[in-house]
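Hi everyone, thanks for coming along. Let me put the structure up on the screen, and then we'll walk through a few parts of it together.

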Amino acid sequence: MLHATGPLLTVDVGERTADETMIDEVLEATVGGRATATALAYERIPFDADPFGSENRAYLSTGPLQQSQTSFTGRMNMTGLSPLTDGLVSTNAGGYLSRNFVATGYSVLEVAGQSDELLAVHVTGDGVEFEEVPALEGATVPETSDYMEDQHDLGPEHCIAIGPAGENRVRFASVMTFDSRAFGRGGLGAVLGSKNVKCVTFDGNVEPPLEIPNPPEMDIHREAATSDDRMRRQGTTGGTEFINDNFSLPTRYFREYEFEGAADIGGNAVEEKKYKKGACSACAYACKLPTRDEETGVETEGPEFETVYSFGSQHGVDDIVDVMRANELCDTLGMDTISAGVTVAAYLESVDEFGNAKLAQEITERIAYRAGIGDTLAEGVARCHDELGVENYTVKGMEFAAHDGRVLHGQGLSYAVANRGADHMYASMLSLEYAGQVDPQGTLGKAETLVDQENHNAFRDTGIVCAFGDDYVTEERLETLFDADYADLMLVGARTVELERHFNNQRGFDRDDDGVPYDLPDIEDAIAEYYDARGWSEDGVVTDARLESVTGTVRSDD
C-alpha cells in the first residue's frame with residue numbers, strides 16, 4: 001500500500017530540542033495524514049492531558065499524494081487534543097504548504113512541550129532553528145507572514161501561524177497557512193498558543209521518493225482543469241439558494257430555517273466580487289474565491305458557504321460585503337469562522353441585535369483579544385450559553401456547521417455520534433441527502449451508510465485528498481493510486497475512528513455525549529444501530545478487546 005515517507009520530527013519547544021524518529025512501521029499501517037497523526041497522538045498524548053498543558057501535542061502530517069502533482073492533493077492534516085471538545089480532533093487545510101513540507105523530508109511534525117518565550121520554529125532539510133520573536137506578540141496572521149518574508153525570505157506558503165486568538169487561547173482559534181487557509185475546527189491554534197509557538201516555517205530541497213501511478217494522476221488533473229462545475233466559479237456558496245429553498249439554512253441562531261436574504265449572500269453575490277482565480281498547490285480545479293469590493297476596498301478569500309451561514313444568515317445579515325469583512329477578520333485574527341460566527345450569533349440572540357453587522361464584527365474582534373464580553377465568548381457556546389441565556393447549540397462542545405440536522409436527519413445522526421462533534425466533514429451524510437441518494441427524513445436504517453461515510457472521509461484525510469475531489473478521485477482510482485483494494489483503504493479509515501473513540505472514552509466520553517440539542521425521530525435507536533454497526537458497547541465505548549481486534553494494539557496508562 002502506498003504510504004507517506006520520512007521520519008517523525010519531534011520539536012520540544014520547552015527544551016528547544018529536535019529529534020527524528022523512524023516510523024516506517026506506523027506509516028505502512030496508517031498511510032499518512034490523519035490516520036498516522038491519530039495513531040501517534042493516541043500513543044503519545046496522556047489520556048488525562050490538559051489541552052492547554054505541556055503534555056498535549058500537535059501533529060502536522062502529510063500523506064503520500066503530497067509527493068505528487070495530482071490535483072486535489074494540496075492539503076495537510078493537523079491533529080491534537082482539542083480545547084473546544086476536550087477530545088482528539090483532526091482538521092485539514094489547503095493552500096501551498098504541503099509541497100514545502102514534503103521538501104523538508106519529514107512525514108510528520110510533532111510539537112511538544114511549552115516555551116517560556118514566544119517562538120518561531122524553522123524546519124529545513126538540514127535541521128531545526130528556534131527563534132524568539134517578542135516583536136510578534138499580538139501580531140495578526142498577515143503581519144507574521146510579512147515578518148517571515150522580510151526576515152527569512154519565506155512567504156506565507158512556507159508557514160503555519162496563529163493570530164491574536166491563538167495567543168489568547170480562544171478555544172476555537174485556528175492555525176493558518178497562506179494567510180487565508182485554516183486548520184479551522186477544534187481550536188488547535190489555541191494549542192500552539194498555549195505552547196507559545198507563533199509560527200513554524202518549512203523549507204527544503206528533498207526530492208519526493210514516491211512514484212505516483214499515471215494514469216490516473218494526469219487523468220485527474222485533466223478532468224479537474226476542464227470541468228465546468230459551478231464550484232469552480234462560486235466555491236461552496238453555489239448551493240446556498242438551493243439549500244435555503246429546499247432544505248434549511250439556519251437563521252438567527254437557529255430560530256428560523258430559511259433566510260430571506262440568501263440570494264444577496266449566495267453564490268452569485270460572491271461570484272460578482274471574485275476578481276481572479278485561486279487554487280491550492282498543484283490543483284487545476286481552482287475553486288478558491290479571491291474577492292474584492294471596489295467601493296469599500298474590502299478584500300478577502302471567500303467567503304465560502306459555511307461563513308455565509310455563520311456570519312450571514314445566523315446573524316440576519318444580508319450584505320455580502322459585511323460577510324466578506326467578517327471572513328477577513330477571522331482569517332487575520334486566526335479563528336474558525338464557523339465557531340466564531342455561531343458564538344457571535346448566540347451573543348446577538350442574547351441582546352436581540354440580529355442584523356447589526358457592525359456590532360457582530362466588533363464582538364468578533366473582542367473575542368480574539370478576550371476583551372470584555374469577548375472573554376466570555378472566547379470559551380465557545382457550550383461554556384457560555386448559560387450566562388448568555390441561550391440554547392446550547394453544540395455537540396461535544398463544537399458549534400454546528402450549516403447543514404441542518406433538524407431537516408437532514410442522517411446528518412443529524414452524524415453530528416450526534418461523531419468523535420469530533422457538530423462538524424459536517426466528519427461523515428458528510430449531507431451530500432447523500434441533498435442529492436436524494438438517501439432520504440433526508442428519518443434516522444433508522446442509516447447506520448451502515450454513516451459508518452461507510454466516516455471511514456471514507458477518514459481515509460480521504462489520510463491520503464490526503466480534498467473533499468471536492470470525490471467525483472474525480474473515485475474508488476477505482478484510489479485503488480490504483482494506493483495499490484490496494486478499496487476495502488483495505490476503508491479499514492485504515494475505520495481504525496482511525498476506533499482510535500479516536502477509544503482515546504476519548506479514556507477521557508470520560510460515552511453515550512451521554514452522543515446526541516443533539518433537538519428532537520430527531522428514533523434518535524436513541526439509531527445511535528444504538530450505529531454502535532452495533534461499529535461493534536462498540538451499548539454505552540458507546542470501544543472496549544480494549546474490540547480495539548485490539550481492529551487495530552492490533554491497545555494502550556493503558558495504568
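Let's begin with a small puzzle: which residue stands opposite Leu81 in β5? Keep that in mind for a moment while I say that what you see is a predicted model.

The answer is Leu88. That pair belongs to strands β4, residues 76–81, and β5, which are joined by 6 bridges in the antiparallel sense.

Now let's step back to the sheet around them. It is an open sheet of 6 strands with mixed pairing, and the order is β2-β1-β6-β3-β4-β5. At the edges stand β2 (17–21) and β5 (88–93); each has a single partner strand, so one side of each has no neighbour in the sheet. On average, neighbouring strands here are turned by 20 degrees against each other, ignoring direction.

Please look next at β6. With β1, residues 8–12, it runs parallel, and 5 bridges join the two. Thr10, for example, is found opposite Glu110 of β6. With β3, residues 58–61, the pairing of β6 is antiparallel, over 4 bridges. There, Leu60 has Leu109 as its bridge partner in β6.

So is β6 buried or exposed? 5 of the 5 residues in this strand, 108–112, are buried, so the rest of the structure largely encloses it. In a regular strand, side chains alternate between the two faces of the sheet. In β6 both faces are covered: Val108, Glu110 and Ala112 are buried on one side, and Leu109 and Val111 are buried on the other.

Let's move along to a pair of helices. α14 (residues 337–351) and α15 (residues 357–369) pack with their axes 10 Å apart, at an angle of about 120 degrees. That angle makes α14 oblique to α15, and their crossing is right-handed. Where do they meet? Val344, Tyr347 and Leu348 from α14 come up against Leu359, Ala360, Ile363, Thr364 and Ile367 from α15.

Ile367 brings us to the largest nonpolar core, which has 109 residues. Ile367 is among the members that touch the most others, along with Tyr253, Met335, Phe400 and Tyr530. Beyond its neighbours within four places in sequence, Tyr530 is in contact with Val417, Ala447, Leu450, Val451, Glu454, Val497 and Trp536. There is also a second, separate core of 27 residues, including Ala58, Leu60, Phe183 and Val197. You'll remember Leu60 as the bridge partner of Leu109 in β6.

That's my tour, and thanks for listening!

Methods:
Residues numbered from 1 in each chain as written. Predicted model: local features only at pLDDT ≥ 70, side-chain atom pairs only at ≥ 80, totals over all residues. Heavy atoms only, no water. Core = buried A, V, L, I, M, F, W, Y, C linked by side-chain atoms within 4.5 Å. Buried < 20%, exposed > 50% of the residue type's maximum accessible area, 1.4 Å probe, protein only. Contact = heavy atoms within 4.5 Å. Pairing = 2+ DSSP bridges. Axes fitted to C-alpha atoms, helices over the stretch in contact; angles between N-to-C directions. Parallel < 35°, antiparallel > 145°, perpendicular 65-115°, else oblique. Left-handed = near helix turned anticlockwise from the far one by under 90°.
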